[in-house]
Amino acid sequence: ALSWAARNGNVEIVKKLVDAGADMEALDPDKSPALNSAIVAGAAAVAIELIRMGANVMWTHHDGATFLHVITSWLCDGHAAGMNRRMQPVGDQPSELVHMLIYHGVDPSAKQKWEGKGLSAVDTWRARKDTSPWLENEETWKDFTTAAKAIHKTLTTTADAMEKKEAGNKYFKDKKYDRAIQAYASAREELGKA
């Protein structure tokens, strides 16, 4: 019931079901939780509410896709948007959702194995953002353009910060502690500015 309500974008029913004890991590027939159902459907308001209520953002698809991969598909893949009859993005909800997922620990540079390729959400976003069906939709293009710019900034800045963190980890492993601290501080500063 929770996955059905999430897929249909009904925030109030989702809240009532969770308040009544519905398991947010129960898997639907596709073996995915309600948060995935919401994002696949483009129900960003439901996804945001599920995260606020404590849904696990670290779930991954069998091929390693994170929720950031799923969002990128919703926002950039015209075929999937039509095939799955996804909801239109509303205002800044897509950018808020991306921000929340990253804030809660989802790595935009995590690789998904799709058709033998190891693609990250940020790589896919960079390659496909300009072909989003929502940029040409009369009802969404104005708001989505603003949201897309915010998503781009969040994804790319976070990916750059993750690279600096990895460099810091390497310095730390090599016992170059001052350089490690500088790399970590630089990554943190970059995220703070974004």
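This is a short tour of one structure, stop by stop, for you to follow in your viewer.

The model is predicted, so local features need pLDDT of at least 70 and side-chain atom pairs count only at pLDDT 80 or more, while totals for chains, interfaces and linings use all residues. Residues are numbered from 1 along each chain as its sequence is written, and side-chain values use heavy atoms, with hydrogens and water left out.

**Stop 1: helix α3**

Select residues 34–41, which make up helix α3. Helices here are DSSP runs of H or I with at least four residues, numbered from the N terminus. How many residues of α3 are buried? The count is 8 of its 8, where buried means under 20% relative accessible area, exposed means over 50% and partly exposed lies in between (1.4 Å probe, protein chains only). Now show α1 (2–7), α4 (44–52), α5 (67–76) and α7 (93–103): the buried residues of α3 pack against these helices. Just after α3 you meet G42, whose phi is positive, near 85°.

**Stop 2: V46**

Move on to V46 in helix α4. V46 is buried, because its relative accessible area is 1%. Which residues does V46 touch, not counting those up to four places away in sequence? They are A6, G9, N10, V11, V14 and A38, with contact meaning heavy atoms within 4.5 Å. Try a distance label too: the C-alpha atoms of V46 and L97 are separated by 10.0 Å, although their positions lie 51 residues apart along the chain.

**Stop 3: salt bridges**

Side chains of opposite charge can pair when their charged atoms come close. A salt bridge is a side-chain nitrogen of Lys or Arg within 4 Å of a carboxyl oxygen of Asp or Glu. The whole structure has 8 of them.

Select E96 and R52, whose closest N and O atoms are 2.9 Å apart. This pair links distant parts of the chain, with E96 in helix α7 and R52 in helix α4. Is R52 buried or exposed? R52 is exposed, because its relative accessible area is 55%. Add E49 to the selection, and you have a network of salt bridges linking E49, R52 and E96.

Next, pick K164 and E190, which meet at 2.5 Å, N to O. K164 lies in helix α9 and E190 in helix α10 (residues 177–193), so this pair ties together parts that are 26 residues apart in sequence.

**Stop 4: T154**

Finish in helix α9 (residues 141–173), where you will find T154. T154 is buried, because its relative accessible area is 16%. Its contacts include V98, H99 and I102.

Note on methods:
Helices (H or I, at least four residues) and strands (E, at least two) are DSSP runs, numbered from the N terminus.
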